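Here are a few short exercises to work through with the model open beside you. Try each task first, then compare with the solution.

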Amino acid sequence: MNPKGPPTPASPALWRLDAAAIADAQGTRLARASILLEATGPSRKQSEPLMLRGRSVTTGPYRVVAVGAAHEIDRHPACAAPGLVRTSLPDRILLPGLVNAHTHLDLTHIGPADFEASGGFVGWVDMVRASRHHDADAIGRSVGLGIRQSLLGGVVAVGDIAGAPRGVPQITPFRRLAGSPLAGVSFVEFFAIGRPEPAARTRLAEFLEAHAAAADAGVHLGLQPHATNTVSLPSFRWAIEQAAARNLPLMTHLAETPEERRFIAEGTGPQRELLERLQVWDDSILEHIGRGLSPVAHLAPAMELARDAGVPFAAAHVNDATDEDLTLLARARATVCYCPRASAYFRAQESFGPHRYRDMLRAGIPVALGTDSIVNLPGAAAGVEGPGMSTLDEMRALWRRDGGDPWDLLRMATTDGLRALGLDPAGASLAPGSAPLGLIAIACDGAVTVDHALRAALSGSAHPDLLHIRNDSCQTGIDGEQTSI
Ligand SMILES: [Zn+2]
């Protein structure tokens with residue numbers, strides 16, 4: 001129970017919220033403001049309301065009728081309508097629900113783990129391979145834990161990587177997401193390089209044949225060729241053709257580690273040794289790598305193919321980016337998913353210098369925020385309320401470290417996140433006529449302007465309150481037994 005949490009109604013037909021400030025990343029910037037919403041469709045029947053920290057969350061589709069200064073909204077005719085429910089948030093900033101563009105909910109059961117630098121990235125991958133679940137029920141429970149962590153963090157949409165243990169694509173994460181209040185994309189992971197490459201493609205093609213029409217309750221399937229060191233360039237091209245034919249967005253890990261850079265440039269190092277150890281290595285791999293290219297330059301032809309085919313292409317991490325790489329990413333109209341705490345956890349700065357997200361934004365590259373998995377979030381604990389699987393924590397980490405423009409951070413955690421998932425950025429708009437995916441409120445004590453309010457919210461440590469989420473799926477998908485969280 002959170003006694004300070006603002007009271008929220010169940011699902012009013014007309015709903016007015018008065019806040020210290022109301023803002024989105026698309027031009028709504030108001031201090032001492034009000035927003036008026038109307039329900040636009042029947043709420044799907046739920047056995048119990050969605051509960052978070054002892055409060056009910058308003059669910060169902062809403063349209064913004066008006067947003068403006070409180071005295072302007074007072075004059076709106078709808079404010080005289082019977083049944084109007086009013087929520088007062090005098091010390092909160094009201095924002096669109098957040099987007100976590102890159103995460104691995106199926107690893108949530110592992111919890112935060114220290115990074116052993118001596119073992120490098122490959123040692124870490126070995127640890128995850130040994131710890132991850134293989135059977136569908138256990139995977140589903142781990143995803144359920146991650147869904148809970150996401151909602152507690154004010155996240156309303158995710159780009160979730162559905163991992164492929166032992167190379168087997170999984171539908172369970174999609175089903176858990178589709179049965180939860182979250183919107184987003186379940187990116188089906190696959191590996192396709194070297195000796196098992198033909199079999200891997202066949203297995204994925206069969207999976208897509210069985211499931212590609214899957215879309216439910218605001219959740220879609222996507223494709224995740226794992227990374228440049230685990231998927232060959234021809235298989236990237238093949239995946240883009242599959243994505244174009246089936247209208248799926250695509251995400252991959254790109255330019256993440258020094259091991260990847262060495263593998264792509266030279267065809268040597270720990271990533272090659274891993275492929276050899278797994279008996280995947282085949283000298284034909286050298287047809288496309290070992291040519292001195294950066295990972296981004298290596299993948300640029302595939303990204304351009306995606307652009308020309310109209311396939312949304314998101315590149316997670318991009319810790320390693322030269323000026324030329326930025327030009328290639330901008331030309332390919334790729335979106336970068338930056339996971340600030342994950343990059344710090346893996347000490348990317350020691351190899352590549354500070355992440356260039358602000359240079360990317362200046363170059364016209366959308367930069368979404370992601371948390372990556374909970375494994376690389378020291379300080380977050382699975383199943384415990386607190387900082388964790390929230391892009392608010394990523395915004396705050398960047399704000400503390402770099403300062404800069406807080407409105408860029410809001411854009412990265414909302415509008416650019418939806419873009420990374422191939423979803424309509426209007427889902428993060430609070431302008432009249434829009435239908436936001438969700439609404440959150442964050443404490444911003446003492447704020448006198450909307451700019452101050454956003455800065456105060458980023459400087460603070462209070463958890464966000466999820467007030468509304470559009471997707472009103474029943475909650476049986478959250479953790480198996482409970483219907484409230
Ligand atoms: Zn990842």
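Two strands count as paired if DSSP finds at least two bridges between them. Please keep in mind that this is a predicted model.

**Exercise 1.** Work out how β11 and β12 are connected and paired.

Solution. Start with the pairing: strand β11 (residues 215–216) runs antiparallel to β12, with two bridges between them. Next, find a bridge: Asp 216 has Val 219 of β12 as its partner. Finally, look at the link, where two residues separate the strands of this hairpin. Ala 217, in the turn, has a positive phi of about 50°.

**Exercise 2.** Find the parallel partner of β12, then decide whether β12 is largely enclosed or not.

Solution. Strand β10 (residues 183–190) pairs with β12 in the parallel sense, over seven bridges. One bridge joins Phe 190 to Pro 225 of β12. Now turn to burial, which here means under 20% relative accessible area. Six of the seven residues in β12 (residues 219–225) are buried, so the rest of the structure largely encloses this strand.

**Exercise 3.** Trace the seven-stranded open sheet and locate the helix across it.

Solution. Follow the order β5-β18-β17-β7-β1-β2-β6, in which the pairing is mixed. The edges are β5 (58–59) and β6 (62–69), each pairing on one side only. Within the sheet, β1 (residues 14–23) and β7 (residues 85–96) are parallel over seven bridges, and Arg 16 is bridged to Arg 86 of β7. Last comes helix α17 (residues 450–459), which lies across β1, β2, β7 and β17 and runs at about 75° to β7.

Terms used. Residues are numbered from 1 along each chain as its sequence is written. This is a predicted model: local features need pLDDT of at least 70, side-chain atom pairs count only at pLDDT 80 or more; totals for chains, interfaces and linings use all residues. Side-chain values use heavy atoms; hydrogens and water are left out. Buried means under 20% relative accessible area, exposed over 50%, partly exposed in between (1.4 Å probe, protein chains only). Helices (H or I, at least four residues) and strands (E, at least two) are DSSP runs, numbered from the N terminus. Contact means heavy atoms within 4.5 Å. Axes are lines fitted to C-alpha atoms, for helices over the stretch in contact, and angles run from 0 to 180 degrees between N-to-C directions.
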